[in-house]
Amino acid sequence: MARAKLSEAERGELLARLQHWSMVDGRDAIHRSFTFRDFNQAFGFMTRVALVAEKMDHHPEWSNVYRTVEVTLSTHDAGGLTALDAELAAAMDRIAGDIDGS
Ligand code: H2B
């Protein structure tokens with residue numbers, strides 16, 4: 001089940017694969033900060049991620065200041081990390097990697 005909380009073994013694997021992400025203190029959630037060349041790239045990133053998130057019906061907690069996007073991922077319905085967070089994190093890494101200057 002995509003919305004079942006990850007087991008200890010699964011989350012160990014998840015964090016090993018997602019090098020740029022770290023656990024949030026006091027919460028079953030992961031965080032990454034993305035910095036782009038300028039606002040245009042940051043907003044372009046958010047636009048592309050928004051389309052993926054909507055398709056997945058899985059949405060990030062995020063904020064943007066100029067060229068930085070702060071992202072926290074957790075599955076609210078499950079009260080913690082699930083495979084959907086792993087999938088969305090990997091998609092964000094891929095999209096950021098496509099954008100020059102990230
Ligand atoms: N996003 C996240 N991050 N966690 C959820 O549990 C979640 C979601 N649930 N997006 C979805 C929407 C749910 O509310 C709808 C009704 O499917």
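The following dialogue discusses how to read selected features of a predicted model.

Student: On what basis should the values be read?

Tutor: This is a predicted model, in which local features need pLDDT of at least 70, side-chain atom pairs count only at pLDDT 80 or more, and totals for chains, interfaces and linings use all residues. Residues are numbered from 1 along each chain as its sequence is written, and side-chain values use heavy atoms, with hydrogens and water left out.

Student: How many helices and strands does the protein chain have, and what pattern do they follow?

Tutor: Helices (H or I, at least four residues) and strands (E, at least two) are DSSP runs, numbered from the N terminus. Here the protein chain has three helices and four strands, and along the sequence their pattern is α-β-β-α-β-β-α.

Student: What radius of gyration does the protein chain have, and what would a compact globule have?

Tutor: The radius is taken over C-alpha atoms, and the globule rule is 2.2 Å times the number of residues to the power 0.38. For 102 residues a compact globule would have a radius of gyration near 13 Å, and the protein chain agrees, with 13 Å. Its C-alpha trace spans about 40 × 25 × 20 Å along the principal axes.

Student: What share of the residues is buried?

Tutor: A residue is buried under 20% relative accessible area, exposed over 50%, and partly exposed in between, using a 1.4 Å probe and protein chains only. By that rule, buried residues make up 38% of the 102 residues in the protein chain. As to surface, accessible areas come from the Shrake-Rupley method with a 1.4 Å probe, and for residues only the protein chains shown count as cover. The accessible surface of the protein chain comes to about 5800 Å², and 52% of that belongs to carbon and sulfur atoms.

Student: What share of contacts joins residues at least 24 apart?

Tutor: Contact means heavy atoms within 4.5 Å. Among contacts between residues at least 6 apart in sequence, 67% join residues at least 24 apart.

Student: Where does S74 lie, and is S74 buried or exposed?

Tutor: S74 is in the loop between β4 (68-73) and α3 (83-98). With a relative accessible area of 6%, S74 is buried. Beyond its neighbours within four places in sequence, S74 is in contact with R27, D28, A29, H58, E61, G80, L81 and D85.

Student: Which backbone oxygen does the side chain of S74 reach?

Tutor: A polar contact is a pair of N or O atoms within 3.5 Å; within protein, one must be able to donate a hydrogen and the other to accept it, and residues adjacent in sequence count only if both atoms are side-chain atoms. The side chain of S74 reaches the backbone oxygen of D28 at 2.9 Å.

Student: Which sign does phi have in D57 and in Y66?

Tutor: Most residues other than glycine have a negative phi. Phi of D57, however, is positive, near 55 degrees, and phi of Y66 is positive too, near 50 degrees. D57 is placed in the loop between α2 (39-56) and β3 (61-65), and counts as partly exposed because its relative accessibility is 47%. Y66 lies in the loop between β3 and β4, and counts as exposed at 54%.

Student: Which residues does M23 touch, and which does V24 touch?

Tutor: Residues up to four places away in sequence are not counted. M23, in strand β1, touches L15, D28, A29, I30 and L81. M23 is partly exposed, with a relative accessible area of 36%, and its C-alpha atom is separated by 9.7 Å from that of L73, 50 residues apart along the chain. V24 is placed in the loop between β1 (22-23) and β2 (30-35), and touches A29, I30, H31 and T72. The C-alpha atoms of V24 and T72 are separated by 8.0 Å, although the two residues are 48 apart along the chain. At 24% relative accessibility, V24 counts as partly exposed.

Student: Where are L14 and A86 found, and are they buried or exposed?

Tutor: L14 is found in helix α1 (residues 8-17) and counts as buried at 1% relative accessibility. A86 lies in helix α3 and is buried, with a relative accessible area of 12%. Leaving out residues up to four places away, L14 touches L6, L81 and A86, while A86 touches L14 and L18.
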